[in-house]
Structures are given as C-alpha cells and as structure tokens.
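Hi there,

Here is the structure I promised to pass on. Have a look at it first, and then read my notes underneath.

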Amino acid sequence: MSKSVIFSGDSRLPAIGQGTWYMGENANQRKQEVAALQAGLELGLKLIDTAEMYAEGGAEAVVGEALQGRRESAWLVSKVYPWNAGAVDAVDACERSLRRLKTDYLDLYLLHWRGNVPLEETILAMQSLQRQGKILRWGVSNFDSDDLCELLSEEGGTDCAANQVLYHLASRGIEYDLIPDCQQQQIPIMAYCPLAQAGKLRHALLTHPVLTAIAQQKGISVAQVLLAWAIRKEGIVAIPKASSIAHVAENAAALEVTLSNEELGMINQAFPPPTEKMPLDVV
C-alpha cells in the first residue's frame with residue numbers, strides 16, 4: 001500500500017508531493033514544467049508546493065497554468081515571505097499568490113521562515129484568511145523545536161497544520177528532537193530537498209556505494225531509495241522538485257518502495273543518526 005500522510009481536516013495525501021523551487025525562472029522550460037506537474041497529478045501526487053519567493057511569483061504562475069481545469073485534483077501549498085506575514089500584508093500577499101495561481105483558495109499557507117513579525121500577529125492574519133475562505137489551513141516552514149514550542153504557546157498556535165523543513169539522508173538533525181516533537185503534536189513534516197540540493201552533496205548521495213548496492217538489489221534508482229528513506233517515518237511527506245515527466249514518474253513509484261530493517265541498518269551505518277541536538281539545516 002502506498003504511504004500516505006494525514007493533514008488536519010482529514011486530508012489523506014500521498015507521502016510524496018511535487019516541489020516547484022527554481023520553476024518559472026526560464027521561459028524556455030515552462031512547457032516542460034507545466035507538463036511535469038500535470039503528469040504528477042495524473043499519477044496521484046496531489047500535493048503541489050510553491051511560494052511567492054520562487055522566481056518572485058514565477059513558480060506560482062507555472063503552477064496556475066498547470067492547474068487550469070485540474071484545481072480539484074491538487075492539494076495546493078504556498079508560502080509567504082516573513083516580512084509579508086503581518087496582519088494586512090499577509091492578506092495582500094495571499095491574494096497576489098491566489099491571482100498567480102488562478103485559484104480562489106489554498107489548501108495550506110505557510111510562513112516561509114521566521115522573521116520580525118510577532119507570531120501572534122501572523123496567527124491572527126492566518127485566521128483572518130481562513131475566515132475569508134482564502135486558505136483552509138496554515139502552517140510554518142524552517143521552524144526548529146524552540147520556534148515550534150513558542151508558536152504552540154501562542155493563542156491559536158496549536159492550529160499549525162505543518163512544518164516544512166530541510167530533510168535528507170545527509171541532513172538528519174531533525175530526527176533528534178523536531179520529528180518527535182511534531183509527531184507528538186500530530187503536525188506533519190514536509191521534507192524539502194529530500195534528494196539534497198543539486199551539486200556535490202546530491203552527487204555524493206546518488207553515487208554512494210551503500211545506496212547504490214541497495215538500489216541495484218531492489219531494481220530501483222538511488223533517488224527512489226532516498227525518497228523511500230525520507231518518508232519511512234509516520235507523518236512525513238517529501239516534496240522533490242517535479243522537474244520532468246520521467247522524474248515525476250520515478251518519484252511516484254517510490255511510494256511503493258519499502259526499505260527492510262537490514263537495509264535501514266546499512267544506511268544508518270553509512271549515515272549515522274544524530275546523537276545530540278543540532279542546529280536546524282536550511283537552504
């Protein structure tokens with residue numbers, strides 16, 4: 001059975017979604033980006049994650065094009081800049097995002113990272129957007145355990161519906177405290193860059209001998225091993241970038257991959273889990 005995650009409001013979603021970071025930056029790639037997102041929806045990858053920051057709204061515009069006639073097939077997430085998270089600014093920012101996305105509501109709206117606007121004010125802004133029907137849920141991104149604890153202590157803070165953070169095999173710090181804290185509060189974690197960001201680190205993961213051996217034994221790709229590893233725990237949804245139809249199909253197939261205890265042990269030996277609190281990794 002495919003792995004899934006439940007968000008507040010009883011939305012059960014596949015544990016792999018579609019990321020859009022770096023989309024909308026090159027007009028020549030727009031057709032491919034739209035096609036990839038649409039292919040992902042057809043494969044059941046309902047969650048699409050974007051942000052006003054990505055290409056300064058360009059990624060939202062790509063998503064908006066991909067969702068024409070398909071909005072009900074998607075579970076749409078966007079994120080607000082921290083300096084736009086005030087009582088009035090958050091409403092204006094959300095309305096701009098909705099226009100680019102060509103929809104009248106978001107399934108989830110996240111504070112992209114913590115800034116100088118008091119959390120109390122951001123919560124009130126999110127509640128206002130909910131009352132207006134412009135967002136169904138709200139949450140946060142790049143919040144460490146201390147930030148999350150502070151948020152939950154604010155009035156209305158326990159309505160936080162997700163925390164989106166960096167998480168991949170070479171960045172396991174959140175396993176020490178943040179994942180257990182979120183699981184205890186039943187707050188789903190959205191893992192961004194689950195294959196690591198493009199560059200030397202991703203190359204090192206994709207060519208690592210232990211991961212390569214597991215992939216070959218299972219007849220899958222190393223990327224699928226990494227995705228299956230990222231969603232092995234309850235309450236975690238990974239959002240790799242939906243860069244091409246082939247990659248999206250590969251991502252969707254990873255939902256059916258289960259790593260054995262022996263394979264997980266091999267991975268832990270090569271990439272040991274944290275034994276103490278570590279600063280939250282961000283990209």
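Sorted by class, the residues lining the largest cavity come out as 7 nonpolar and 2 polar, with no charged ones. You can pick them out in the viewer: Leu111, Leu119, Thr122, Ile123, Met126, Trp138, Gly139, Val140 and Leu151. Keep in mind as you click around that this is a predicted model.

Which elements each supply at least two residues of that lining? They are α4, which covers 119-131, and β7, which covers 138-141. The largest share comes from α4, with 4 residues. The volume of this cavity is about 40 Å³, and the structure has 1 cavity of 30 Å³ or more.

Now for the pockets. The largest pocket has a volume of about 500 Å³. It has 24 lining residues, and the ones closest to its centre are Leu195, Ala196, Arg202, Pro240 and Lys241. Two or more lining residues come from each of α7 (200-206) and α10 (245-253), and the largest share, 3 residues, belongs to α10. How does this lining divide into nonpolar, polar and charged residues? There are 13 nonpolar, 7 polar and 4 charged residues around this pocket.

The second largest pocket comes in at about 210 Å³. Its lining is made of 13 residues, and Ile6, Gln186, Pro188, Glu234 and Gly235 are the ones nearest the centre. Here β1 (4-7) and α6 (178-184) are the elements that each give at least two residues. By class, this lining has 8 nonpolar residues, 4 polar and 1 charged.

One residue I'd like you to look up is Leu106. You'll find Leu106 in the loop between α3 (89-101) and β6 (108-111). Is Leu106 buried or exposed? Leu106 counts as buried, because its relative accessible area is 0%, and anything under 20% is called buried. Look at what surrounds it, leaving out neighbours within four places in sequence: Leu106 is in contact with Arg71, Leu76, Ser78, Cys94, Leu98, Leu101, Lys134, Ile135 and Leu136. If you want a distance to try out in the viewer, go from Leu106 to Ser2: they are 104 residues apart in sequence, and their C-alpha atoms are 25 Å apart in space.

Finally, zoom out to the whole chain. Its secondary structure adds up to 11 helices and 10 strands. The C-alpha atoms fill a box of roughly 55 × 45 × 35 Å along the principal axes. Does the radius of gyration agree or disagree with a compact globule? It agrees, because a compact globule with 283 residues would have a radius of gyration near 19 Å, and this chain has 18 Å.

Of the 283 residues, 55% are buried. The chain exposes about 12400 Å², and carbon and sulfur atoms supply 49% of that area. As for how the chain contacts itself, take the contacts between residues at least 6 apart in sequence: 78% of them join residues at least 24 apart.

That's the lot from me. Have fun exploring!

Cheers

Conventions: Residues numbered from 1 in each chain as written. Predicted model: local features only at pLDDT ≥ 70, side-chain atom pairs only at ≥ 80, totals over all residues. Heavy atoms only, no water. 1 Å grid on protein atoms, 1.4 Å probe; cavity = no way out; pocket = protein on both sides within 12 Å on 5 of 7 lines; lining within 4 Å. Points joined across faces, edges and corners; volume = space filled by probe spheres on them. Nonpolar A, V, L, I, M, F, W, Y, C, P; charged D, E, K, R; others polar. Rg over C-alpha atoms; globule rule 2.2 N^0.38 Å. Buried < 20%, exposed > 50% of the residue type's maximum accessible area, 1.4 Å probe, protein only. Contact = heavy atoms within 4.5 Å. Areas by Shrake-Rupley, 256 points an atom, 1.4 Å probe, with all protein chains shown as cover.
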